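Hi,

Here's the structure I said I'd pass along. Have a look first, and then my notes follow below.

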Amino acid sequence: MRNTIVLFLFFIIITQTISQDIRSLLLTKLNNIQYQCTNYGCSSSTIVLALNLRACEIACLVNIDCRTLTFDQSNNQCELFVDIPSQYGSLIIQANIITMTAVNNGQLPAPMTIDTTTSTYSPTTTTSLSTTSSSSTTTTTTIRTSTTSTTTTSSTSTTSATTTTATTTSSTTTTTTTTTTTTTMFTCISSLTGATMLLNLTNSPSQSYTQYSYNYIAVTTSTRLTLSFRMDSKNWSLDTLSVKRIGTSTELLTNGDFDSGTMSGWASCNPNNATNFGYLQYDPLYTQSGSYYWKDASTGAVDYLYQYFSSVVGASYTISFYLKADTGLPNSANVYIGS
Ligand SMILES: [Ca+2]
């Protein structure tokens, strides 16, 4: 009878040993990745201390329910999970953490999205992570980074026979990428909205100083006269501008002939970054009046020259100027009044 009991116990031990021996797990290894349960539906985990990853693997193998493990190389903490990441939880990048998860029937788990929630990874970098399971099957998981705000909350519960400890860890990582598109609107262009075009020359042939004259009825108390030029490789010459209210002799432009030798009264701008844009030129041989004129060889795009003059709403004005063209192409000359 005593021998029978001993034999029976021996049989139980053998059976138990055999059942442990025949359990095998095919694990996918993810370096620097931590599995976290982020769903209250997942089962509680078990934390054990393991000397190394191999010991942690064995601990998982011995634990009949273990299907996922994480091993922290910094403190040898081995955490065993019942679930696999594709069921509950998520994978996050975490240095020194190795996550191994079970491969069922030789099938790799479904591709999983790994959230980057640590600042050690550049949020603008896209990295591909390749992992190899023990059956030499390779799966590639793409780490996707987000430029929007992301919040990751993880919770871990540890339960023992006598005490219950619940630890909830929340971490929030916010990555914000702001793209600012600055559109510079030069006042010399914006004020042209609603202006009246007096002159529009495109690819003009060369011409000597030619006077242009227009009548205009003012609609505002301050009226702007704007001239726009382009001539690649050659130049326009502008001189002797005049604005007078019809019936009077008072010149309303300041320095309309440029012969103060300064830009007094005038403003110019080059919003399109053209080269060889216009400038005040001293050359008595090529002026229409005095010694100075406006020389403009704006290349690649147009530039602008403008001046405001006082006006009376409803009153009529005569605008005149002299314009000379060389033989550069392409070229354009436009004159606007108003606004
Ligand atoms: Ca002049």
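Let me start with Asp-257: its relative accessibility is 30%, so it counts as partly exposed, given that buried means under 20% and exposed over 50%. Tyr-292 lands in the partly exposed class too, because its value is 23%. Keep in mind that this is a predicted model.

Why pick those two? Both give a backbone O to the calcium ion. The other donors are Asp-239, listed twice through OD, Asp-259 through OD, and Ser-289 through both O and OG. The distances run from 2.3 to 2.9 Å. If you want to scan for the spacing in sequence, the donor residues follow D-x17-D-x1-D-x29-S-x2-Y. Asp-257 sits in the loop between strand 14 (236–245) and strand 15, while Tyr-292 belongs to strand 17 (residues 292–296), so the pair ties together parts that are 35 residues apart in sequence.

Strand 15 (residues 267–269) also leads on to the sheet pairing: three bridges link it to strand 18, in the antiparallel sense. One contact to look up there is Ser-268, whose bridge partner in strand 18 is Leu-305.

Strand 18 has another antiparallel partner in strand 13 (residues 222–231), with eight bridges between them. Here Ser-228 is matched with Tyr-304 of strand 18.

And how many of the eight residues in strand 18 are buried? Six, so to speak of the strand (residues 303–310) as mostly covered is fair, because buried means under 20% relative accessible area.

Cheers

Notes:
Residues numbered from 1 in each chain as written. Predicted model: local features only at pLDDT ≥ 70, side-chain atom pairs only at ≥ 80, totals over all residues. Heavy atoms only, no water. Buried < 20%, exposed > 50% of the residue type's maximum accessible area, 1.4 Å probe, protein only. Helix = DSSP H or I, 4+ residues; strand = E, 2+ residues; numbered from the N terminus. Pairing = 2+ DSSP bridges. Donors = N, O, S within 2.8 Å, 3.2 Å for Na, K, Ca; no water.
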